[in-house]
There are 4 protein chains.
Amino acid sequence: MFFAETSLRVRYVETDQMGYSHHSNYIIYYEYGRVEALRSLGMSYKALEDSGVMMPVIDSGSRYLKPALYDDEIKIQITVPELPSVRMKFEYKLFVNEILINKGYTTLAFVNMKSGRPMRAPESMMKLLTPFYE
Amino acid sequence: MFFAETSLRVRYVETDQMGYSHHSNYIIYYEYGRVEALRSLGMSYKALEDSGVMMPVIDSGSRYLKPALYDDEIKIQITVPELPSVRMKFEYKLFVNEILINKGYTTLAFVNMKSGRPMRAPESMMKLLTPFYE
Amino acid sequence: MFFAETSLRVRYVETDQMGYSHHSNYIIYYEYGRVEALRSLGMSYKALEDSGVMMPVIDSGSRYLKPALYDDEIKIQITVPELPSVRMKFEYKLFVNEILINKGYTTLAFVNMKSGRPMRAPESMMKLLTPFYE
Amino acid sequence: MFFAETSLRVRYVETDQMGYSHHSNYIIYYEYGRVEALRSLGMSYKALEDSGVMMPVIDSGSRYLKPALYDDEIKIQITVPELPSVRMKFEYKLFVNEILINKGYTTLAFVNMKSGRPMRAPESMMKLLTPFYE
């Protein structure tokens, strides 16, 4: 199973008047984690789009277990539970000081940017991912 | 069942390089819809916080069915499927030109801001909501 | 001189842990005001881009005089101090309860999206604006 | 003169339908740069607020010279042109591939959070900064 880990810090702009990172930031943290996970695999999402493939998010879910505070360092664990085909699911666990504060997932589709139609995960990605599921 | 409707327009800042309203905006649209739904009921979320009660989001889910484009007017339908107790669920349907583009939900808790502890929905809110469930 | 007025409410997501609308929101409020000002003139920024003209911001400045709070209704006054040529300047004054809380400006260029080159304000816009400067 | 350097990457959510990092992000990049500059000096903005001092932005200006694209790495140079007293000015230069794409500044005030009144820069900060201006 493909797994990666990265981290970021809660920015001041992300806090709200409860003093927490506003819940809308988590889906942005997921995006950040996902992009860095792909980078660690040797794939750039930018290069993917440049090659004519985009990956819109079609589905997401999130559980906000504990708040994150300003300047907290959030560790993001990203898992791809199964080899993608026309869709790719990412699961996320977020930790502050080793305490799980949020878990969620996003499902993304592969879309041919020229035709606007769904497609399978590109070969280049499958080649990199397959070894993790054997 | 309590039901309300409001609308907003996709702002330029919300678009991404796919030309769509970025998926992270929807949870912000939900918040907007939820606050306006409460206002239409005669409740102000601001007044609620001023009275010492906050409602953090503890759970959310979203299905992104079709993209929204810059300047699109999004109609937001908000439903509270059941009378709240310690939690309150909101369901959302978003439409552009009468076409459903997104559906989602958020669950919020009631928290006493002084003690930081969970609590039941305040009396004032229950009084306003109860008639919708009889 | 072309002048317009619109308003919006501070969203919860826009607050920060000081309890204020974070200073980064004002330039988004300006964008909102500018787009609504053009709309009141009979112009849609969306239609402008669809016709192949974009208006990137090249310069901005802001003075944050007083904080805006969650749910405050902000009145935005937008002025175009002079007839545009290759650039268009917008000035903004923001009020909460008739008190000036922020003033700023943005300068935008006109760019031909096909060539990527600067251009003069399109005829259609000049026709609508000229009467305000005679 | 106190000077620091840090960097970040343009996130997908920050792009707009022009394909650029939306101009509203720069003031957030400045905040990021400013906080990291203070950290490199041995100061945490979080600790500052925890000690009862906040630094609201009272003034800002920005020149958007060239666009930044998705996934671009932006190098941020932060300068504090003079020793702060009741205000502190930060100047920023942003580079992509060694090309200057944006310059700007922000002026911040020091405010005693308890009284809500302006104050001088705290001793601890002055001690760290003074050597850079001798």
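**Group meeting: a sheet shared by two chains**

Okay, let's start with the sheet. Ten strands make up one open sheet, and they pair in the antiparallel sense, in the order 1(C)-4(C)-5(C)-6(C)-3(C)-3(D)-6(D)-5(D)-4(D)-1(D). So who sits at the edges? Strand 1 (2–9) of chain C and strand 1 (2–9) of chain D do, and each has a single partner strand, so one side of each has no neighbour in the sheet. Going from one strand to the next, the twist averages 15 degrees. Before I go on, keep in mind that this is a predicted model.

Let's zoom in on one pair in chain D. Strand 4 (residues 73–80) and strand 5 (residues 87–96) of chain D run antiparallel and are joined over 5 bridges. If you want a spot to look for, find D:K75, which stands opposite D:F95 in strand 5 of chain D.

Now, the helices. In chain C, helix 1 (residues 26–41) lies across strands 1, 3 (57–64), 4 (73–80), 5 (87–96) and 6 (99–109) of chain C. Its direction is at about 125 degrees to strand 1 of chain C. Over in chain D, helix 1 (residues 26–41) lies across strands 1, 3 (57–64), 4, 5 and 6 (99–109) of chain D, again at about 125 degrees to strand 1 of chain D.

Next, how do C and D relate? Turn by 180 degrees, shift 0.0 Å along the axis, and chain D superposes on chain C with an RMSD of 0.0 Å. Which C-alpha of chain D is nearest the axis? That would be the one of D:G61, 2.0 Å away from the axis. Then there's the interface: 100% of the interface residues of chain D are also interface residues in chain C, so these copies meet through the same surface.

Last stop, chains C and A. Here, a turn of 180 degrees and a shift of 0.0 Å along the axis lay chain C on chain A, with an RMSD of 0.0 Å. That's the relation of a two-fold axis. The same surface serves both copies here, since 100% of the contact residues of chain C recur in chain A. How many residues take part in this contact? There are 9 residues from chain C and 9 residues from chain A. On the chain C side touching chain A, you get 3 nonpolar, 5 polar and 1 charged residues.

That's my tour, thanks for listening.

Notes: Residues numbered from 1 in each chain as written. Chains lettered and ligands numbered in written order. Predicted model: local features only at pLDDT ≥ 70, side-chain atom pairs only at ≥ 80, totals over all residues. Least-squares fit on C-alpha atoms with pLDDT ≥ 70 in both. Contact = placed C-beta atoms within 7 Å. Nonpolar A, V, L, I, M, F, W, Y, C, P; charged D, E, K, R; others polar. Pairing = 2+ DSSP bridges. Helix = DSSP H or I, 4+ residues; strand = E, 2+ residues; numbered from the N terminus. Axes fitted to C-alpha atoms, helices over the stretch in contact; angles between N-to-C directions.
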